[in-house]
Amino acid sequence: MQIQLEQSETKGTFFIEENGKRLAEMIFSKAGKIIIIEHTEVSDTLKGTGAGKKLVAEAVAYARKNNLHILPLCPFAKSVMDKTPEYADVLSK
């Protein structure tokens with residue numbers, strides 16, 4: 001399961017695609033040094049595979065690499081981040 005990144009100056013998407021079809025995505029905005037996770041969606045074909053958590057993990061890795069913080073407005077992403085203490089370093093306060 002390969003996660004890809006598509007981004008512009010102020011918006012971005014982490015996504016999983018198979019055979020040209022997007023099966024999971026996490027949409028975010030960038031505001032200065034903050035990534036605002038707005039929405040996460042996983043197709044039924046990937047439900048139960050941990051795809052959503054992998055998207056969050058990829059966002060965390062991206063934030064760490066780029067010295068950014070994450071503001072998870074998406075309820076799913078917020079839940080994952082709240083339940084994963086090792087993500088506290090990138091969680092926007």
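How many bridges join strand β1 to strand β2, and in which sense do the two strands run? In this predicted model, strand β1 (residues 3–7) and strand β2 (residues 11–18) run antiparallel and are joined by 5 bridges. The chain holds 2 helices and 5 strands, and from the N terminus on its elements follow the order β-β-β-β-α-β-α. The points below treat the overall dimensions, the strand pairing, the crossover, two loop residues and a cluster of aromatic rings.

**Overall dimensions and surface**

- The radius of gyration of the chain is 12 Å, which agrees with the value near 12 Å that a compact globule of 93 residues would have.
- The C-alpha trace spans about 35 × 30 × 20 Å along its principal axes.
- Of the 93 residues in the chain, 38% are buried.
- The chain exposes an accessible surface of about 5,600 Å², and carbon and sulfur atoms account for 52% of that area.
- When contacts between residues at least 6 apart in sequence are considered, 37% of them join residues at least 24 apart.

**Antiparallel pairing from β1 to β4**

- Strands β1 and β2 form a hairpin, with 3 residues between them.
- Within this pairing, Q4 has F15 in β2 as its bridge partner.
- Strand β2 is also joined to β3, by 8 bridges and in the antiparallel sense.
- Here I16 has A24 in β3 as its bridge partner.
- The hairpin of β2 and β3 has 2 residues between the strands, and N19 takes a positive phi in this hairpin.
- Strand β3 (residues 21–31) pairs in turn with strand β4 (residues 34–42), again in the antiparallel sense and over 8 bridges.
- In this pairing, F28 stands opposite I37 in β4.
- The hairpin of β3 and β4 has 2 residues between the strands, and G32 takes a positive phi near 65° there.

**Parallel pairing and the crossover**

- Strand β4 and strand β5 (residues 69–72) run parallel and are joined by 4 bridges.
- One of the bridge partners in this pairing is H69 in β5, which is matched with I34.
- Between these two strands the chain passes through helix α1 (residues 51–65), and the resulting β-α-β crossover from β4 to β5 is right-handed.

**Loop residues with positive phi**

- N19 lies in the loop between β2 and β3.
- The phi of N19 is near 55°, a positive value in a residue other than glycine.
- N19 counts as exposed because its relative accessibility is 83%, and the cut-off for exposed is over 50%.
- N67 is placed in the loop between α1 and β5.
- N67 likewise has a phi near 55°, positive although the residue is not glycine.
- With a relative accessible area of 57%, N67 is exposed.

**Aromatic rings**

- A pair of aromatic rings is described by two quantities, the distance of the centres and the angle of the planes.
- The count for this chain comes to 3 aromatic pairs.
- In one of these pairs, the rings of F14 and Y62 have centres 5.7 Å apart and planes at 75°, so the pair is edge-to-face; the cut-off for this class is over 60 degrees.
- This pair links distant parts of the chain, as F14 belongs to strand β2 and Y62 to helix α1, 48 residues apart.
- F14 counts as buried because its relative accessibility is 2%, and Y62 is buried with a relative accessible area of 14%; the cut-off for buried is under 20%.
- The rings of F28 and Y62 also pair, with centres 6.3 Å apart and planes at 45°, so this pair is tilted.
- This second link likewise joins distant parts of the chain: F28 lies in strand β3 and Y62 in helix α1, 34 residues apart.
- Both F28 and Y62 are buried.
- Through ring pairs, F14, F28 and Y62 are linked into a cluster.

Notes: Residues numbered from 1 in each chain as written. Predicted model: local features only at pLDDT ≥ 70, side-chain atom pairs only at ≥ 80, totals over all residues. Heavy atoms only, no water. Pairing = 2+ DSSP bridges. Right-handed = clockwise from strand over helix to strand, strands pointing away. Rg over C-alpha atoms; globule rule 2.2 N^0.38 Å. Buried < 20%, exposed > 50% of the residue type's maximum accessible area, 1.4 Å probe, protein only. Contact = heavy atoms within 4.5 Å. Areas by Shrake-Rupley, 256 points an atom, 1.4 Å probe, with all protein chains shown as cover. Phe/Tyr/Trp six-rings, centres within 6.5 Å; stacked < 30°, edge-to-face > 60°.
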